[in-house]
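Me: I have a model open and would like to go through it. Can you start with how the terms are set?

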Amino acid sequence: MRYKTLMTISLALLVGAAGCAVPPTPAPAQQPNSEPPAQQQSEPETQTQAAPPAPSPQLEEVSPGDKIAIIHTNHGEIWVRLFPELVPNGVENFATHAQNGFYDGLIFHRVIEDFMIQGGCPYGTGMGGESIWGGRFDDEFNPALRHITGALAYANSGPNTNGSQFYIVNRSELTPGEIADFEFAIEMQDEPLIGPDGPFTDEEGNIITYADIIAADLAQAYIDRGGTLHLDGMHTVFGQVFRGMDVVNSISNTETGPGDRPVEDVIINTIEITTYS
């Protein structure tokens with residue numbers, strides 16, 4: 001049994017779920033506003049999500065009736081499937097901002113090649129933005145939604161600090177070590193996760209298996225598509241690009257200056273919320 005595998009594959013559950021760590025640089029992070037956030041008028045209820053059955057909906061083909069967002073940019077369109085059943089507050093916040101025109105004319109202010117593109121700050125600096133409820137809202141982590149390439153997630157400045165800023169993952173290839181770890185997790189799905197003091201257990205004393213850490217289909221998706229595992233359990237994933245990754249890559253490859261800001265503005269013209277047909 002390889003204990004080293006724990007350092008990567010188990011990060012989302014054993015570290016991220018505890019909300020006690022900050023992702024290493026570089027990582028998409030929304031900086032706090034220079035002014036205190038407005039007092040929240042009403043807060044969404046905190047949701048406790050259970051993992052849906054495999055396969056992950058993040059890996060399924062989009063179907064008629066699915067809620068989607070079409071991000072119209074000056075580089076082209078990015079089509080994203082949203083997951084309101086799994087991330088109700090996150091999708092409501094994003095969709096309402098979009099429908100109210102909040103994102104119209106904003107830019108992708110932070111772009112890191114082969115990592116992610118980030119936008120949604122009203123100031124274009126990464127220092128602003130709030131939720132539709134005012135201030136910040138809580139994380140909604142779901143083990144069926146991961147940071148595979150094409151994932152749409154909220155930027156934040158720590159646990160439960162989601163506002164308006166979001167990013168799209170576009171890291172296309174894993175390291176050989178990461179691939180080996182995911183292959184190992186697939187092979188060991190039904191086996192207990194072993195640490196230096198024996199098997200890991202959950203709050204009820206049940207032994208944690210590799211399948212509890214990451215389902216085989218999602219582990220294979222990381223291998224096939226790439227992604228940023230270290231952000232799982234630290235940033236809320238609420239959508240998945242199903243058309244327009246070439247546009248994401250075009251934006252990712254744009255020339256940047258200080259603060260990873262594109263030299264030429266990458267503009268979000270509008271974000272359209274609709275159902276797929």
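Reply: Contact means heavy atoms within 4.5 Å. Axes are lines fitted to C-alpha atoms, for helices over the stretch in contact, with angles from 0 to 180 degrees between N-to-C directions. Helices (H or I, at least four residues) and strands (E, at least two) are DSSP runs numbered from the N terminus. This is a predicted model, where local features need pLDDT of at least 70 and side-chain atom pairs count only at pLDDT 80 or more, while totals for chains, interfaces and linings use all residues. Residues are numbered from 1 along each chain as its sequence is written, and side-chain values use heavy atoms, leaving out hydrogens and water.

Me: What does α7 lie across?
Reply: β1, β2, β3, β4, β6 and β9 (237-243), and α7 runs at about 120° to β2.

Me: Which residues of α7 are buried?
Reply: In α7 (245-252), V247, V248, I251 and S252 are buried (under 20% relative accessible area with a 1.4 Å probe, protein chains only; exposed is over 50%, partly exposed in between). They span an arc of only 140° around the axis, so they are on the same side of α7; the arc is taken from directions from the helix axis to the C-beta atoms.

Me: Strand order in the sheet?
Reply: The open sheet of eight strands runs β3-β4-β6-β5-β9-β2-β1-β10, with antiparallel pairing (pairing needs at least two DSSP bridges). β3 and β10 (268-275) are at the edges with a single partner strand each, so one side of each lacks a neighbour in the sheet.

Me: How many bridges between β1 and β10?
Reply: Seven, in the antiparallel sense. I70 stands opposite E272 in β10.
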